[in-house]
Amino acid sequence: MATKGRKAGRPSGPPGLEARRDAVLAVAAVLREGRPLDLVLAAASRDDAGDSRDRALTRVIVATTLRRLGEIERVLGRFLERPLPRKSGRAREILLTGAAQLLFLRTPPHAVIDLAVRLAGAQLESRHLGGLVNAVLRKVAAGGEDLLSGIDAAIVNTPAWLMERWRAAFGSDTARAIAASHMVEPPLDLTARDPAAVAAELGGVVLPSGTVRLAAARGRIEDLPGYRQGGWWVQDAAAALPARLLGNVRDLRIADLCAAPGGKTAQLAADGAAVTAVERSAARLERLEANLQRLQLTAETVCSDATEWQPSEPFDAVLLDAPCSATGTIRRNPDVPHIKTPAMIAALVPLQAQLIRRAIDMVRPGGLVVYATCSLEEEECGQQIEALLAERRDVARQPISAAELGIDRSMISEAGDLRTLPIHGMDGFYAARLRKR
């Protein structure tokens with residue numbers, strides 16, 4: 001008999017089976033189809049209103065599998081006598097997620113192996129591989145951990161093309177440190193109206209930049225005190241910095257372009273700005289509006305492509321968090337290295353250039369434009385600004401100081417732009433502040 005809330009047609013089974021089945025399907029969606037993990041898990045959550053603990057378990061299994069994929073594949077390769085047959089169903093993902101639990105989540109082997117064999121047997125194309133799944137995972141449980149000590153985790157878990165880029169941009173030592181930082185589960189960062197009060201209530205600390213930092217979340221964020229009351233919202237410490245570059249925004253008209261999911265819109269609205277949030281995706285805009293409603297904040301929302309949208313009058317300031325490769329967020333989004341490619345970055349660069357020029361056209365003379373990306377790739381960051389300044393004589397860079405943001409001076413580039421890296425304990429973010437002459 002199906003459990004209440006479980007998607008129709010999915011058979012019941014031992015505790016944890018559903019969570020592991022969802023993890024297998026999510027890993028397959030990312031690695032085979034290139035689908036973003038957040039969208040995959042959000043769709044699974046809508047389809048299955050089961051136990052929130054199962055959803056949390058699914059997420060941690062998937063995140064660990066993707067974060068440690070290189071190591072897991074090396075270990076499995078030692079215990080697989082030959083490659084899996086072409087028609088093997090989800091056997092690869094079953095082995096990957098099973099090994100992730102054994103090697104990194106310290107899950108009891110009997111539970112992992114039993115449920116993995118059940119998952120293999122539940123699918124026609126992998127049913128004949130139940131014995132292989134059982135044998136390989138038993139070997140992983142017995143000797144896999146010993147193999148990890150001989151594996152260079154930072155290198156094998158990072159695609160070679162990304163590591164080559166980071167070495168060229170930051171040097172070998174920093175590139176390795178960035179890759180290593182992705183192996184560590186990040187803390188939970190919040191932006192709050194009253195940071196001290198929220199930190200005291202939730203047992204966190206207030207960073208010099210004003211962000212409230214908690215240990216990594218182990219349950220549903222929605223269940224934390226103050227969430228439903230709208231006292232705070234989730235936002236990485238680095239992501240909270242670009243909005244602050246606009247200074248005192250009270251009573252200013254500000255456009256937030258490419259605004260979803262709305263953290264920066266919320267910051268600006270909470271500080272008294274009259275915000276117009278522009279987002280091309282109706283679904284993402286709906287999420288932004290729901291966030292604003294929970295936070296009891298107001299902003300005008302516009303569902304439109306920012307490259308085409310024309311405001312009725314110029315703004316005092318524009319904040320553009322441009323679509324980008326998101327390589328600065330890998331520690332929070334471990335799917336990024338597996339779904340992004342150099343070709344995708346190349347395709348985004350002209351769009352970013354178009355958006356920043358539109359942002360400048362939207363602001364009044366004397367107004368500010370902040371261009372930001374959560375990317376580590378230079379062509380999406382400083383190169384965009386240098387190209388713009390070479391082309392437009394009506395724009396000047398307004399250098400950023402570390403003191404105004406409460407951050408270390410190492411996070412400010414020689415040109416005066418913001419450049420945070422994962423080794424700073426936050427996402428990799430870039431931002432430049434420009435003033436229209």
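A polar contact here is a pair of N or O atoms within 3.5 Å, where, within protein, one atom must be able to donate a hydrogen and the other to accept it. With that in mind, and remembering that this is a predicted model, begin the tour at a single acidic residue.

Select Asp316, which sits in strand β8 (residues 315-321), and display the side chain together with the backbone of Arg253, because the side chain of Asp316 reaches the backbone nitrogen of Arg253 at 2.8 Å. Next add Arg364, whose side chain is joined to that of Asp316 by a polar contact of 2.8 Å. Asp316 has a relative accessible area of 19%, and since buried means under 20%, the residue counts as buried. Expanding the selection to residues in contact with Asp316, beyond its neighbours within four places in sequence, brings in Leu252, Arg253, Val363, Arg364, Gly367 and Leu368.

Keep Leu368 highlighted and move on to strand β12 (residues 429-436), where the bridge partner of Leu368 is Arg435. Colour strand β9 (residues 363-373) as well, which runs antiparallel to β12 and is joined to it by 6 bridges.

Now select strand β10 (residues 395-397), likewise antiparallel to β12 and joined to it by 3 bridges; here Ala396 has Arg435 as its bridge partner. Strand β11 (residues 418-420) is the next stop, again antiparallel to β12 with 3 bridges, and within this pairing Arg419 is matched with Tyr430 of β12.

Finally, show the surface around β12: is this strand largely enclosed or open? Of its 8 residues, 7 are buried, so the strand is largely enclosed by the rest of the structure.

How values were computed. Residues are numbered from 1 along each chain as its sequence is written. This is a predicted model: local features need pLDDT of at least 70, side-chain atom pairs count only at pLDDT 80 or more; totals for chains, interfaces and linings use all residues. Side-chain values use heavy atoms; hydrogens and water are left out. Buried means under 20% relative accessible area, exposed over 50%, partly exposed in between (1.4 Å probe, protein chains only). Helices (H or I, at least four residues) and strands (E, at least two) are DSSP runs, numbered from the N terminus. Two strands pair if DSSP finds at least two bridges between them. Contact means heavy atoms within 4.5 Å.
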